[in-house]
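Visitor: Could you take me on a close look at the place where the two chains meet, and then lead me on into the parts around it?

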Amino acid sequence: MPFRSLLLVWRILLAVLIFVAGVWAQRGGLVEEFLYYLPDIQYQLVQHIWLVVMSGGLAIVVAIPLGVLLSRPSMARVAETLMQVLNIGTTIPTLAILALSMSFLGIGTLPAVFGLFVATLLPITRNTYVGLKGVSPALMEAAAGIGMSPTQRLLRVEFPNALYVIFAGVRTAMALNVGTVPLAFLIGAGGLGALIFTGIVLYDPMMMLAGAITTSLLAVVVDTLIAIVAFLVVPRGVNPSRA
Amino acid sequence: MIQLDSLTKVFDTPKGAVVAADHIDMEVPAGEICILIGPSGCGKTTTLKMINRIVRPSSGKVFIDGKDTTDMNTQDLRRSIGYVIQQIGLFPNMTIEENITVVPRLLGWDAPRFKKRAREMMDMIAMDAEVFLKRYPSELSGGQQQRIGVARALAADPPVMLMDEPFGAIDPINRAVIQDEFLKMQQELNKTILFVSHDIDEAIKMGNRIAVFREGKLVQYSSPDDLLAAPENAFVESFLGEDRALKRLNLVKVRDVVSNEIGTVRPDETLETALARIDDFGYQNSILMVNDRHQPVGMITRSVARTTKGYCRDHFQAAPPLASLDDDLRKVASLMFAHDTTWLPCVDEQGRVSGQITQRAMTRHLGSRYRSRSEERIHAGREE
């Protein structure tokens, strides 16, 4: 009970704080400035979301099967080496990846989607691989011993039990993706980066904030959406958030 | 029935070939439990796992009910064999119901049939279907989980079961309970079971037959009583432990040792008669007093009978502890030690006295077949 009442106090405090911040923003003219940029925000947000959906969606579609493939026993020898390569790949800054992809594919949406796709691919592949490899050998022996085929083992035992870890990878990767999309503006793909970088160049903090705050909100929304999907999709018996 | 014909497994390791199982020949008759036992690395688990091909045999054959399994499809073979492992291996992503029905579903049973089967299995393992079927394995205790593990293995009613140290990870009290439950189930189900254990007491309790392994070879294959009475060599003898004669107490029933000859007195007889009968039968201290239905009601001691006059009904002491015909000798010995006595009256199901069991008879029964390999060796050495 003391914990609950403490939580309530915190919630009230938070609500008051948000209200005060809102009043402050209103009186300082922040809201007005924001409304001034609203048409830009709307236009660029749609571009931004498209970039996230295309690159992120493509990454999920490619990374999960890739992780599954690498986790197969027949791939054991290649897998560890390949995972090391992928780990090294993760350390390359995303800006560098975008620059590299621009030098091959030119400017525009295509190189941006490709660069973002590569950056997003790695965490998902790694978590899929680690999650599947982490399924207890006893479970695998039980599954084999009662007569499941390798495909049945993957779909009915391995995948459901690794799903929570896989979703954690997707969340990390998508948060990274949303936060990286502004850089795509630099290679001519648009998105909220337009407001942010123009704001920086023109030394216009309001313009910059209009892009930055919207990007942050989008990141929070995407993360929450994936969390909700994970909550619903991961079986209750192996879902820590539903224990 | 399971037959192993020259079953061999050679593992290629960096240090060279290791023979994990060396031409194992054995036969487990239908409806019996055969325990595979031995020190770690002796090949017992490898042998077990070659039967459902978790380990691929290097050579040799496995016959189930006379049918060579070599050419059978691996998945089909495994679905026809119940499999229980020490780590239990329930699928945490599935409910208890889904876990139990996993093999029936693989076999393509329709929903009403496998749902009904899940309830039957819960009844069989004495767990409440309403309470547990919708739960997940993580919500159950270790003992409950392994009961479900057994139920899962039995769900498709396979004629054969393989159990790899199934009760090894369960605490001793729960283990004894589960062992008893399992034996009771087996009396009805009559499965042919191969069971790996490293616990000789478990082997003696559970097994109709025991196969002792050492370094990939089958050293001895016999009934628990034969094994304990006459180990094949010094290794088996040392494996069984120095108290192997005591372990046999578990295996012998009162029925096998009871002597039907027992002197009794009735309440309406005199103490004089009692004393005479004590002497007639050669009893040292006392004689049992029974009622009209031949049920024990008390005891007349020699000292009372000698010094007092009167009827038995006025001078008896409390009846001694009783042994029933289906008790094992371990319980009888325990009662004797606890009550400082050398004999117990035995009663049948209706509580009527049917004989007596004495320490002398017990030691004679156990000693008559006891053979010591190490002593024989010493004698042989002397003769040379």
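Guide: Happily! The contact is built from 17 residues of chain A and 19 residues of chain B. Please keep in mind that this is a predicted model. On the chain A side, two helices each supply at least two residues: H6, spanning 137–145, and H7, spanning 150–184. Of the elements there, H6(A) gives the most, with six residues. Sorted by class, this side of chain A holds 10 nonpolar residues, five polar ones and two charged ones.

The UniProt record helps to place this stretch of chain A. An unreviewed entry puts the feature "domain: ABC transmembrane type-1" at residues 45–226 of chain A. That span is 85% helix and 0% strand, and its end C-alpha atoms lie 19 Å apart.

Now for the nonpolar packing. The largest nonpolar core has 120 residues, and those touching the most other members are Ala184(A), Cys34(B), Ile35(B), Leu36(B), Leu194(B), Phe195(B) and Ala211(B). H7(A) brings the largest share of this core, 13 residues. Leu36(B) is a good one to click on: leaving aside residues up to four places away in sequence, its contacts are Lys44(B), Thr47(B), Leu48(B), Leu194(B), Phe195(B), Val196(B), Ala211(B) and Phe213(B). There is also a second, separate core of 14 residues, with Val257(B), Trp343(B), Val347(B) and Met362(B) among them.

Let's move along chain B to helix H7, residues 142–154. At 1.5 Å a residue, its 13 residues should span 18 Å, and the end C-alpha atoms are 19 Å apart, so the two values agree. A run of buried residues in H7(B) includes Gln146(B), Arg147(B), Ile148(B) and Gly149(B), and also Val150(B), Ala151(B), Arg152(B), Ala153(B) and Leu154(B). What do the buried residues of H7(B) pack against? Their partners in chain B are two strands, E6 (81–85) and E7 (160–164), together with the helices H3 (96–100), H4 (102–106), H5 (111–124) and H8 (172–189).

Finally, step back to chain B as a whole. Its domain assignment gives domain 1 at 2–252 and domain 2 at 255–366. The C-alpha centres of these two domains of chain B are 44 Å apart. Where they touch, five residues of domain 1 of chain B are in contact with eight residues of domain 2 of chain B. The domain 1 side of that contact in chain B divides into three nonpolar residues, one polar and one charged.

Key:
Residues are numbered from 1 along each chain as its sequence is written. Chains are lettered from A and ligands numbered from 1 in the order in which they are written. This is a predicted model: local features need pLDDT of at least 70, side-chain atom pairs count only at pLDDT 80 or more; totals for chains, interfaces and linings use all residues. Two residues are in contact if their C-beta atoms, placed from the backbone, lie within 7 Å. Helices (H or I, at least four residues) and strands (E, at least two) are DSSP runs, numbered from the N terminus. Ala, Val, Leu, Ile, Met, Phe, Trp, Tyr, Cys and Pro count as nonpolar, Asp, Glu, Lys and Arg as charged, and the others, Gly among them, as polar. Domain bounds come from an automatic or database domain assignment. UniProt positions are given in the numbering used here, feature names are shortened, and annotations may be inferred rather than shown by experiment. The expected span of a helix is 1.5 Å times one less than its number of residues. A residue is buried if 20 or more other C-beta atoms lie within 10 Å of its own, exposed if 12 or fewer, and partly exposed in between; C-beta atoms are placed from the backbone. A nonpolar core is a set of buried Ala, Val, Leu, Ile, Met, Phe, Trp, Tyr and Cys residues joined through C-beta atoms within 7 Å.
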